[in-house]
Each structure stands twice: as C-alpha cells, then as structure tokens.
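Biologist: Could you take me through one part of this model up close? I'd like to start from a single residue and work outwards from there.

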Amino acid sequence: MPLITLRDVVVSFGGPPQLDGLNLSIDPGERVCLVGRNGAGKSTLMKVLAGEIIPEGGAIEKQQGLRVTRLNQEVPSDMTGSVYDVVADGLGEQGQLLRDYHHATQRLATDFSDEAMAELERVQHKLEAVNGWEASQRVDTVISRLELPEDAEFSELSGGMKRRVLLAQALVLDPDLLLLDEPTNHLDIESIKWMEEFLLNYRAALLFVTHDRMLLQHLATRIIDLDRGKLTSWPGNYELYLVRKQEQLDAEETANALFDKKLAQEEVWIRQGIKARRTRNEGRVRDLKALRVERSERRERMGTAKIQTQEAASSGKIVVEIDNVSQSFGDKVILKNLTTTIMRGDKIGIIGPNGAGKSTLLKILLGLLEPQQGTVKKGTKMEVAYFDQHRAQLDPEKTVIDNISGGSNEITVNGKPRHVISYMQEFLFSPQRARTPVKALSGGERNRLLLAKLFTKPANVLVMDEPTNDLDVETLELLEELLIDYSGTLLLVSHDRAFINNVVTSSLVFEGNGVVNEYVGGYDDWLRQRAQPVTNSSSEKPKQLDTAMAKEKPKAAAKLSYKEQRELEELPKKIELLEADLDALHKTMADPDFYKQGSAKMAEVQKQLDTLEQTLSATYQRWESLDAQSRGD
C-alpha cells in the first residue's frame, strides 16, 4: 500500500498551474528522484507532500499516522544554538523541553546550587508528563549515528556540517517519508560521498531533488519528471530516463507538428467564405473552434538556454607558471612547495574539501594574492573571466538588466550590438523577469545571470568557482558541453564529480597538510592514480582498518584461552563475509525491479537485512571485546 497518493492535484499561484492535475504515489522503501527545470514547481510539490501547501484542487491520501519531514534547500542564515538544540527542534514542543533539560544538566555540572537542582527537577517532571525520555533517546541516537558534536555552536560549523545537522533535525522524527531538496548543495566531495552512503542505507522512503548526476545514478530507484505541470514516472536509472524522455519529446514534437498542420488547413478553409457556413459544414466549424481552444491551451516546453562564450585572441603558450609556492594562514598550511605549469588550452580541475584553500590557489594563480614563498609568472595576452561562487559580482538591489548592461538597452556581444532583453532571453529570462531585482531570483536564476554577465566579455582564460550549484540538470549539461568545446584555458573548482570527469584534462588535488598533487584526468582518474585512498572518518566504516589491525595481532595472547584465540583470528574473515552479504542485499534493494515484487517478498528481504545488521554489530562487539582482552586493556 502506498505511503501517500496525490490524485489530480492542482496548484497555480494565480498563473499557469505549477501542478496541473498531478498524480503521484510513493511506496515504502522507494528512493524517488524528482527532476525538472528551475521554476517547474519541484519545491512546490515537496511542500504539498509535506503538508505545507494546501492544493487548490484534487485529493491527498495518506497512510494513517504517516510522518513526513523535509530538508530545505538553503541553510537558514539566522539559525543559532548548539547542535543538540537544533536537532531537538525537530521534535517541536517536546524538543523545547529536551533543550531545557539538556541545558539544566550542563548547568548542574558546574553549579550545584539548590536553584539549579530545582530547575532540573522541574524540567524533568515536564518531560515525564509528555513521555519525553523516548524522544530524548531518539535525539541522542541520531546525533551519535551522524557523528555530530552535540555541544558545538551551529553558526560556527562548516557548511557541510550544518547540512548534516539539519539532516539530523529531519531524521529525529523517524519519518516514513523523507523529502530532500538539493541535499548536496555546497557540500564538498567527501561530504557528498558520506551523504550518498548514508541515504543508500536509510530504510525510509526518499523523495529527493538533486543536480548531482552521480548521486542520482547511484541512489534513485525511480525518476519522476515534472514538466509543464504534469508528472511522468520513469522506473530505472538516469541513463535510461534520458533516452526515454527524449523519445517522448520527439513524439510530442511530431504530434504537435501534425496538429498545427491540420489547424492551418482548417483556417484556410474557413476563410473561403460562404460555403463554410452551409448547414452541412457546421460540424466542421465546431471542430475548428475546438482545435483553436486546444491550441491556445497548449503549454510550450521551456526553451533551452543558449550559452555562448566570447573567445578573445589566444593567450601566450604558458598561462601561469608557479615554482615552490607555499602559503599559510596562522598555523594552517594551505600550500606547501607547489610547483606546476598551466599551458594554453589546459582544462584544470581543482579538487579538495571545503576550507582546504582552493579559492586561495585560484587567487595566487591569477596574481590576486602574493604567495608567502615561491614565484608566480603569468603569461601574456591573458583575458580572464571569473565566475565567483558567492556571486559578489551581482548587485542584489539592481534589476537583471542593470546588472548586465549598467542601465543601457544595448550590450556588445562578439563585436556586435545586441538589445539586452534579446540577450537575456537566450539565458531563459523573459522580459518581465529581466526587470526583476536580483534579490527576488532563485539560486538557479542567479547562477544563469552570472553566466550571462560573464560571457558578455571576451576571454581566453575562464576561472569558474562552483558554477554548477543550483542549476537544473539540463542547463548544467549545456554548460558542460560549452566548456568541453572551449578552446581557451579553464580553471574549474567543483564538487560535481560527473562534471569534473567530463570537462577537465588534469586535476590539482588538495590531499592534506598543504600537499597539492597533479593527476591526469578527472575525479575518477584521481581515484585510480592516487597512492593511498583518502578516507573520511565520518563516512567510511572502520572495517578495512579494523580488519587489518586484527590480522596483525600476534597469534599468542596470554589472557585468552586457546578457543578464544582461534575465535579472534577467525572473526575478521567472518566480518568480511557478513559485510559482503550485506552489500549484496543493498544492491538487491537498489534494483528498481525489487519494488515490483509483492509486499511479502519485500518484507522477507527487509527482515534478512535487519538480521544481518544485528549479527554484524554483535560480531564487531565480540571482536572488540576479545581484541581488548588480548592486549590487556
């Protein structure tokens, strides 16, 4: 039985319906990816599912007691408090009591006054009255599971850690359906990999929106496409969806062409005059009127952005040459003895975690920052265009037009004058939208505006710092094609693994402690070439490390019996086999065909999964106990 079903749902906001007689059902355990152009209504649909928007028409059917939570696309800029406070807020009124209790216990650790004790007892009684201890356990569990620093101040965390805390806030209600709007936005690659691994192993149903094609390919068991208010469902992976979607669009184009041809013929006939008004032709006249109505109600598909660069004359053969460059801020080493040469036509990807120093490296390469050690030699005839991830080049108070042309009606593109409205339409800004203040634009629209501004000037060196954030997949792929064909030099900072793989010819990778190494190819090529995989303690299971440590243990241990020693030696192999079985089950459940089976079969596999996870956890605990005993801990 579906968790939730939408039947003929309509939401319009006074214009063309964003949701136009929409139908959707989501089953337990599904991982559904929602795709569509910027502004198509994806966030609106998620708000309808979360109960935040009441549709104007249609019906919503839910399982009794269904719990739905939603992770917003943007991190609130004014959110403060400890990590524990933010996570507990996900429980509403109970959460406020838990916050009070948490603070009261912290206070009591340093203040043993009667007042502090009385406050703790008061909050404790309130918690007991609302069965708050179960909620407290859920908060503690989710904080532990996501490895969060519970007493850290939320506002001081990195962007990736903030997203993780907000995910914990959404999970603390133990939802049956989790809604995620761009969950990887502004995360670095390691955080994205952690998020992907976590969601692959999450048991509740997921509906998520993402522009990260690799995450989509790995995670989705079904894709739903929101286009002109209608929803279509596509079982299978992303590559299969692309093929079938294009077939659908081709068929639609053919049908529309035939319809328009028939309408044109009937319009010619009606203009022939009196014979068209004879009684025997009244039915044909009525049919023509119906054709006119049908044509007027047709919603045209949103156009495709026409992204074009203006290439300047070629730069010198050597673009930038840096020798033995080092840079640090306080005790933090950003670069250590980096030497590299960037040649004309190179497409360089810069890869590293948030805060590693990628933007600092860009500034040094462009001569905007003098390194503390080493030399930087810039080439000749360089014309640089710089895409800033923070969009500092845009004035939020000015309109789209004023940001592009400075108030003029014309701009020069490829040496020829263009009306600014005509130019902006190529980036999917209607005349009305082009007169809108930038502060009213969505994140995707702001990125498109920055691309439009960037490409009004000729350039032979493109510097792009996170250009893919907030773009819909179709615009992202157009940008990707443009950069692949670009004949100039490209310096690209991105956490989009597929984008890096498809665009760059070599990569500069921050590998910790100021070490930056150069590799041929993109992200996957780096994974193959690096000497030792860089593991993220927050995202990787300790199985490889623990197993290796176990194999290095001495075979004799004074404090273990012979039977226990044999058991200790065999446990790593047992753990490996259990993990292999667990991985096989996860792959089975990731197959879209899995959800076409009966509920009994799905429940049986879920039971196997639960049993395996419990066995693996107990085996790890047994290994840790025997290992500690053998070392005399």
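**A close look around histidine 211**

Modeller: Sure. Histidine 211 sits in the loop that runs between β7 (205-209) and α8 (213-219). Keep in mind that this is a predicted model. Is that histidine buried or exposed? Its relative accessible area is 5%, under the 20% cut-off, so histidine 211 counts as buried.

What does histidine 211 touch, once residues up to four places away in sequence are set aside? The list is Glu182, Asn185, Thr468, Asn469, Asp470, Leu471, Val473, Leu476 and Asp496. Take Asp496 from that list: histidine 211 and aspartate 496 are 285 residues apart in sequence, yet their C-alpha atoms are 8.7 Å apart in space. That fits the picture for the protein chain: among contacts between residues at least 6 apart in sequence, 68% join residues at least 24 apart.

Histidine 211 also helps to line a cavity, the largest one in the model. The count comes to 3 cavities of 30 Å³ or more, and the largest has a volume of about 80 Å³. Going along the sequence, its lining takes in Thr184, Asn185, His186, Leu187 and Ile192, then His211 and Asp212, then Glu466, Thr468 and Asn469, and finally His495 and Asp496. By class, that lining has 2 nonpolar, 7 polar and 3 charged residues. Asn185, Thr468, Asn469 and Asp496 turn up both in the lining and among the residues that histidine 211 touches.

Now for some other spots to compare. Aspartate 85, in helix α2 (residues 83-88), is buried too, with a relative accessible area of 4%. Leaving out residues up to four places away in sequence, aspartate 85 touches Arg99 and His103. Helix α1 (residues 42-49) is mostly covered, with 6 of its 8 residues buried; those are Lys42, Thr44, Leu45, Met46, Val48 and Leu49. Just after α1 comes glycine 51, with a positive phi of about 80°.

Most residues other than glycine have a negative phi, which makes the next two worth a look. Glutamate 147 has a positive phi of about 55° although it is not a glycine, and its place is in the loop between α5 (132-145) and α6 (159-171). Arginine 228 is not a glycine either, and it has a positive phi of about 55°; this arginine lies in the loop between β8 (222-227) and β9 (230-235). How do they stand for cover? Glutamate 147 has 44% relative accessibility, so it counts as partly exposed, whereas arginine 228, at 17%, counts as buried.

Stepping back to the protein chain, there are 21 helices and 20 strands. Of its 633 residues, 46% count as buried. The chain exposes about 31500 Å², and carbon and sulfur atoms supply 49% of that. As for confidence, the pLDDT averages 80, and 87% of the residues score at least 70. Over residues 534-558, though, the pLDDT is below 50; that stretch has 30 contacts in the model beyond near neighbours in sequence.

Notes
Residues numbered from 1 in each chain as written. Predicted model: local features only at pLDDT ≥ 70, side-chain atom pairs only at ≥ 80, totals over all residues. Heavy atoms only, no water. 1 Å grid on protein atoms, 1.4 Å probe; cavity = no way out; pocket = protein on both sides within 12 Å on 5 of 7 lines; lining within 4 Å. Points joined across faces, edges and corners; volume = space filled by probe spheres on them. Nonpolar A, V, L, I, M, F, W, Y, C, P; charged D, E, K, R; others polar. Helix = DSSP H or I, 4+ residues; strand = E, 2+ residues; numbered from the N terminus. Buried < 20%, exposed > 50% of the residue type's maximum accessible area, 1.4 Å probe, protein only. Contact = heavy atoms within 4.5 Å. Areas by Shrake-Rupley, 256 points an atom, 1.4 Å probe, with all protein chains shown as cover. pLDDT = per-residue confidence, 0-100.
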